[in-house]
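This briefing covers how two chains are arranged and how they touch. The sequence and structure come first, followed by the points by topic.

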There are 2 protein chains.
Amino acid sequence: MTALKKPKSRIGEVNVERILDAGLAVFARHGYSGARIDQIAETADMSKPNLLYYFRTKEELYRAVLTRTLDMWLKPLRELDPARSPREALGHYIDQKLAYSRGHPAASRLFAIEIMQGAPHLSRVLSTELASLIETKKATIRKWIAEGRLANIDPYHLLFAIWAATQHYADFDAQIQTLTGKTLADDEFFEATKLAVKRIILDGLVLR
Amino acid sequence: MTALKKPKSRIGEVNVERILDAGLAVFARHGYSGARIDQIAETADMSKPNLLYYFRTKEELYRAVLTRTLDMWLKPLRELDPARSPREALGHYIDQKLAYSRGHPAASRLFAIEIMQGAPHLSRVLSTELASLIETKKATIRKWIAEGRLANIDPYHLLFAIWAATQHYADFDAQIQTLTGKTLADDEFFEATKLAVKRIILDGLVLR
DNA sequence: ACTTGAATTGATCAAATGGTCAAGTTCGGC
DNA sequence: GCCGAACTTGACCATTTGATCAATTCAAGT
């Protein structure tokens, strides 16, 4: 809506990139209000006025960081493939989401914090871009159910369960690390997690 | 550890209660830094200096709110009953956690935000109280597995999946409401959610 | 080398905010 | 009714922090 930044040179583009990275790290760790421009600038290796030269306000920077985050968040869902079997497609989706949790934990947390605080900056995007994407994927899921290849579950709850279980490993990393001593960064734990999540959600816990 | 508040009269106790409620609401919506003492005081219907009379610093109030929150969070897990069947016991646990998400969404979000930001105020409690409780429950789960009544899943991943799926409905309420138009406050949606979560986690999605 | 616009920063401002304090009011036991 | 302790508050202070700006440096094209 409002005009954002437009770097005029190569060096400008590099700086914008550095600022976005720094902003993501600091916003995710301290929240919007807790993040200080000084700290973001320092993380990005530049002075505060210089940062404000690229993003005129803290709010503008926050929105930019958030937009970038949401794009990454949406990507795996776009790839959910109706042509494959539900086990393959959903399994692949879970793998992709867990890879995202592993590769971009700060982005996952920032997104989560934003939504938990009422999504004041995202509500528009959620109700348009995400909602229409979901609409498409609902059809895919319903098709699988109609074919008798999937339990008769409301597509929403299915997606929520997958989102929750996969994002949990990034968002609650501190808790997981305290309890298990491990993180998704650990290769073995990452593989074990992929198997466990797929087993729980796709196959269920209770033996019959 | 540090001495906290100790109301000396009946009116004092009532005020402390009001402040804790107000603090929970405001901290959950704006995070620690974003919450303003003025706003908490106003929500609790008192002046800022009066609030500071009961809690000497913002930090002290925050810790008090957080402690209370964690106690509520732990309660359902304590009740996980090894004597019942896994389907009954885990099903009951899921129901309890969803009831908590419905009844105390702000507490759920505050707890989540705190952990996502590295649990700076909770790490001690997590590694002691929660860790030892988990140790007990791990035995219960392993017993069920040994008896062949539960799939062979690492107890940690089992608990994480349940926590994630149930808390999601409180924590991501804004997103859920945007997409489905409903909240756990809606009776029908609440019942449907309980069934869906139990079906997904206990029975799995893929038909065999 | 010169010019022009982009990039950079030290100094500074204004507003917001956590916290204090002295002074006043209310409450509960006697 | 009296009295001390608990409670309440308007005014105020110190610090933090988002944002501005004039002045300087840097980079690229000619």
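A turn of 180° with a shift of 0.0 Å along the axis lays chain B on chain A with an RMSD of 0.0 Å. The two copies are thus related as by a two-fold rotation axis. The model is a predicted one.

**Symmetry**
- Within chain B, Gly204(B) has the C-alpha nearest the axis, at 1.7 Å from it.
- Of the interface residues of chain B, 100% are also interface residues in chain A, so the copies meet through the same surface.

**Interface**
- Chain A and chain B put 58 residues each into the contact.
- On the side of chain B that touches chain A, at least two residues each come from α1 (10-34), α5 (86-103), α6 (105-116), α7 (123-146), α8 (155-171), α9 and α10 (187-203) of chain B.
- The largest share of that side is the 10 residues from α8(B).
- By class, the side of chain B that touches chain A has 34 nonpolar, 16 polar and eight charged residues.

**Helix pair α7(A) and α9(B)**
- Helix α7 of chain A (residues 123-146) and helix α9 of chain B (residues 173-180) have axes that come within 9 Å and cross at roughly 55°.
- Because angles of 65 to 115 degrees count as roughly perpendicular and those under 35 as roughly parallel, α7(A) is oblique to α9(B).
- The crossing of α7(A) past α9(B) is right-handed.
- From α7(A), the contact uses Ser123(A), Leu126(A), Ser127(A), Ala131(A) and Ile134(A), and from α9(B) it uses Gln175(B), Thr178(B) and Leu179(B).
- Four nonpolar and four polar residues make up the contact of α7(A) with α9(B), with no charged residues.

Key. Residues numbered from 1 in each chain as written. Chains lettered and ligands numbered in written order. Predicted model: local features only at pLDDT ≥ 70, side-chain atom pairs only at ≥ 80, totals over all residues. Axes fitted to C-alpha atoms, helices over the stretch in contact; angles between N-to-C directions. Helix = DSSP H or I, 4+ residues; strand = E, 2+ residues; numbered from the N terminus. Parallel < 35°, antiparallel > 145°, perpendicular 65-115°, else oblique. Left-handed = near helix turned anticlockwise from the far one by under 90°. Contact = placed C-beta atoms within 7 Å. Nonpolar A, V, L, I, M, F, W, Y, C, P; charged D, E, K, R; others polar. Least-squares fit on C-alpha atoms with pLDDT ≥ 70 in both.
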